[in-house]
Amino acid sequence: MLDRRNFLKASASLSALSFMPTFGMTKSIEASKVSLGIVKNGEIVTAAHWGILKLTIKDGKVIKSEPWEKITKMDNPLQYYTSDLIYKSRIKYPYVRKSYLENPDDPKRELRGKDEFVRVSYKEALNLIAKELKKTREQKGISSIFGGSYGWKSSGNMQNSRTLLHRFLNVTGGFVGVSGDYSTGASQIIMPYVVGSIEVYEQQTSWENILKYSKYVVIWGADPLTTLRIAWTSNDQRGLAYFEKLRESKIKVICIDPIRTDTAKFLNAKWISPRPNTDVALMMGMASHLISKNKVNYMFLENYTTGFNQFKDYLEGKNDGIKKDVKWASKICGVNEKTIKELAETFYDNPTMIMSGWGMQRAHHGEQPHWMLVTLCSILGQIGTKGGGFGLSYHYSNGGVPTCKGGVIGGINAGEIGIWKNGKFKGLAKSKENLNSAEWLQNTASLSFPVARIADALLNPGKTIDHNGAKITYPDIDFIYWVGGNPLVHHQDTNTNVKAWKKPRTIVVNEIYWTPTAKMADIVMPVTSSYERDDITMSGDYSNMHIVPMKQAVLPVEESKDDYEIFSDLCRIYGKDVFNAYTQNGKKAKDLIKDYYNIALKQVKNYGEAFNTPMPSFEEFWAKNEPIVFEPTNESLEYVRFSEFIEDPILNALGTSSGLIEIYSKTIENYNYDDCKAHPTWFEPIEWLGNATKKMPFHLITSHPSKRLHSQLCHTDLRKKYTIQEREPLLMNFKDAKKFGIKNGDVVRVFNKRGEILAGVLVSKDIMQGVIRICEGGWYDPDENGLCKYGSANVLTLDLPTSKLANGNISHTGLVGIEKFNKSLPEITAFSIPKIV
């Protein structure tokens with residue numbers, strides 16, 4: 001699969017190069033204060049997902065972390081806890097689970113998560129991994145080796161743990177991987193059928209364009225002030241600055257969300273609160289009203305879309321006898337008919353940019369909301385116009401902040417599959433012709449399955465599922481190697497997931513911290529944090545604004561090592577040729593960092609002398625320890641997504657089968673899926689307020705947290721800023737709280753048939769009745785009966801696919817019950833180290 005960074009780089013190359021307004025003066029650190037070695041006392045610059053940071057070091061320890069530059073008045077709380085990320089909950093040595101060490105062939109896998117760990121030497125751990133990996137491949141084949149390792153690995157292009165793992169597994173013979181991601185699993189599959197591109201990771205219409213031409217901005221199912229604190233590479237912070245400018249403008253803002261988000265409050269927006277999972281019905285009601293009022297851009301529909309008439313027949317109920325009009329929509333979504341009509345006409349009468357989040361597609365039938373949104377925007381006829389249309393990435397990694405012109409830092413790649421004959425390495429397969437057909441079919445692409453189906457795959461080897469017009473048969477996975485992620489927290493229905501993770505014979509985890517996933521492993525390798533190694537990255541996934549040095553700040557904690565070093569040393573066990581293939585003939589991490597920088601330097605030199613942001617030599621760049629800031633081009637102020645298509649839909653046809661926006665997809669029609677039809681369709685979710693019961697009366701929303709990156713930072717002292725009686729907070733409407741006899745600050749048991757957790761209640765008017773919110777990413781902390789003492793939301797979520805088309809996750813679909821917890825509160829142990837003998 002392409003990762004987000006590759007999606008974004010591809011997007012940037014297709015979009016106009018963009019102008020970057022300056023929001024603040026950057027702070028530089030004098031080169032004289034930075035040596036080529038580790039700084040024992042002083043300051044250095046580095047980067048994290050939450051921005052470019054300045055670290056203060058005293059006696060070889062990080063004592064302070066702060067933003068390198070101040071761009072907005074809004075503070076980013078994630079930027080101040082680097083010290084905790086280095087020193088808290090660390091895995092300091094290699095460990096092996098006791099039962100596994102005693103007998104890897106009969107490892108008592110049912111004891112994972114309960115067994116004690118035994119400290120072993122680094123060499124012993126490496127040899128054990130290599131031995132058991134070889135054994136598994138020989139006995140069960142390549143299809144039994146799983147290296148999915150989906151997750152928000154640390155910033156840095158060189159120390160990309162996921163790619164480094166895949167490179168190792170490839171060179172040693174191949175593995176099974178995954179496709180898609182948890183964030184956009186449904187949309188990234190449906191959007192290519194609708195608009196010919198993945199869309200969720202594409203550059204957006206320029207913010208400068210919006211501020212100049214839009215009359216309304218609609219933020220639908222997103223909370224950008226929360227999610228723009230992070231980026232896939234490193235945050236350039238300009239997205240938040242643009243939201244400040246939006247607040248200062250005369251543009252009217254509407255937020256459509258069951259929660260009155262921090263963004264809605266910051267922008268003083270009009271708040272519309274539909275029931276969760278009913279966005280499709282709301283949009284259909286709006287579409288029906290526009291058709292009845294003849295407020296439809298038929299010229300746009302005629303020239304740029306296909307299939308509107310079939311969709312119109314569906315709205316009118318010609319096939320099922322149900323008219324999807326305003327009255328119908330209002331009953332489903334809970335928004336009154338007058339509001340639905342006013343929204344529709346407002347959008348039609350004014351240049352309106354609809355900024356959609358991804359939460360609405362992380363739901364049962366999640367393919368439908370963004371498909372319906374594009375259909376609604378096609379009816380409005382504003383796609384590709386100045387100030388109008390839609391965007392699916394304004395809330396993520398600073399979408400809409402224009403792309404700068406400069407050098408682009410590359411990174412390590414997954415390499416080629418190693419050819420092995422009779423246990424001997426014969427070289428790398430450069431193409432399919434180097435392998436026979438049976439061997440080629442064992443590669444990652446042919447055996448991959450959707451990431452949201454991991455637990456299902458582990459529990460049901462040999463099961464065949466429909467996926468995106470094809471059939472996928474799950475492999476029989478017996479060896480998992482996971483790096484750079486925390487799937488025991490990130491995946492839905494934790495209790496089922498725990499059962500799934502007890503099925504393989506071997507689980508190896510490279511990890512920095514004692515996460516719930518690390519505690520479920522058989523072999524645990526201690527890894528450096530990004531502050532204990534050298535690396536390099538860029539900022540602003542869409543802007544490519546900075547090249548940032550990530551100088552090693554401190555010495556590695558105890559025996560922790562870089563992922564690159566661990567995998568290089570594993571390759572040594574396989575032989576010199578394998579080691580050379582992996583390391584490109586013995587290159588160190590610093591050599592590769594220099595290579596990536598020099599490629600970017602060459603790009604800049606090719607621009608010629610007129611280019612106004614020259615790059616220094618690598619040695620000067622590294623010694624100076626200061627980000628390079630690239631300047632933009634004037635075209636970015638005019639960039640409008642889809643404008644070239646609108647200008648000439650024949651010459652600039654979309655990547656759909658028709659070249660047009662497909663309101664009706666004949667390709668999907670031919671799949672004949674019962675849960676994803678040929679046009680946007682309202683499907684009743686499996687659990688929602690429309691079928692709530694007295695026992696399960698609440699719809700649970702599991703939003704992205706404001707003070708974490710998924711599960712990252714959960715173990716730091718930042719947790720003290722938001723937990724309630726040391727538990728994850730549960731946002732609840734004040735009327736619901738009164739009805740259930742619950743007060744602000746109480747601890748409640750939240751439960752359904754999938755599991756139970758404890759959470760601390762935050763009573764509020766900023767969430768609609770019948771809905772509660774517990775942010776995802778809290779560390780799983782079960783007691784002996786399976787009750788999560790800390791409050792991990794995914795204990796309660798459904799592990800079912802969005803549909804046969806995309807097989808995305810449905811983490812925002814689910815009902816729960818609540819009761820006040822009157823027993824003595826159990827001790828939190830999620831952040832403690834496990835038993836070690």
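## A first tour of the model

With a relative accessibility of 0%, Ile772 counts as buried, a word used here for residues under 20% relative accessible area, with exposed meaning over 50% and partly exposed in between (1.4 Å probe, protein chains only). This is a predicted model, in which local features need pLDDT of at least 70 and side-chain atom pairs count only at pLDDT 80 or more, while totals for chains, interfaces and linings use all residues. Residues are numbered from 1 along each chain as its sequence is written, and side-chain values use heavy atoms, leaving out hydrogens and water.

**Around Ile772**

Ile772 sits in strand 30 (residues 771-773). Strands (E, at least two residues) and helices (H or I, at least four) are DSSP runs, numbered from the N terminus. Leaving aside residues up to four places away in sequence, Ile772 touches Phe698, His699, Leu700, Ile701, Leu730, Leu731, Met732, Val750, Ile767, Val816 and Ile818; contact means heavy atoms within 4.5 Å. Val761 lies eleven residues from Ile772 in sequence, and their C-alpha atoms are 9.8 Å apart.

**The barrel and the open sheet**

Strand 30 belongs to a closed barrel of six strands, in the order 26-30-27-29-28-31, with mixed pairing. Two strands pair if DSSP finds at least two bridges between them. On average, neighbouring strands of this barrel are turned by 45 degrees against each other, direction ignored. Within the barrel, strand 28 (residues 747-752) and strand 29 (residues 755-764) are antiparallel partners over six bridges, and Arg749 stands opposite Leu758 in strand 29.

Elsewhere, three strands form an open sheet in the order 1-2-3, with antiparallel pairing. Its edges are strand 1 (42-48) and strand 3 (61-67), each pairing on one side only. The average turn between neighbouring strands here is 30 degrees, direction ignored. Strand 1 pairs with strand 2 (residues 51-58) in the antiparallel sense over seven bridges, and Ala48 faces Gly51 in strand 2.

**Two helix pairs**

The table sets out two pairs of packed helices. Axes are lines fitted to C-alpha atoms, for helices over the stretch in contact, and angles run from 0 to 180 degrees between N-to-C directions.

| Helix pair | Axis distance | Angle |
|---|---|---|
| Helix 11 (residues 279-292) and helix 13 (residues 308-315) | 11 Å apart | about 105 degrees |
| Helix 5 (residues 161-171) and helix 23 (residues 563-574) | within 9 Å | roughly 5 degrees |

Helix 11 and helix 13 are therefore roughly perpendicular, whereas helix 5 is roughly parallel to helix 23. Angles under 35 degrees count as roughly parallel, over 145 as roughly antiparallel, 65 to 115 as roughly perpendicular and the rest as oblique.

Met284, Ala287, Ser288 and Ile291 of helix 11 meet Phe308, Phe311, Lys312, Tyr314 and Leu315 of helix 13. By class, this contact has seven nonpolar, one polar and one charged residues. Ala, Val, Leu, Ile, Met, Phe, Trp, Tyr, Cys and Pro count as nonpolar, Asp, Glu, Lys and Arg as charged, and the others, Gly among them, as polar.

In the other pair, Ser161, Leu164, Leu165, Phe168 and Val171 of helix 5 meet Asp563, Tyr564, Phe567, Leu570, Cys571 and Tyr574 of helix 23. That contact has nine nonpolar, one polar and one charged residues.

**An enclosed helix**

Our last stop is helix 16. Because 14 of its 14 residues are buried, helix 16 is largely enclosed by the rest of the structure. At 1.5 Å a residue, helix 16 (residues 367-380) should span 20 Å, which agrees with the 21 Å between its end C-alpha atoms; the expected span is 1.5 Å times one less than the number of residues. After helix 16 comes Gly381, with a positive phi near 75 degrees.
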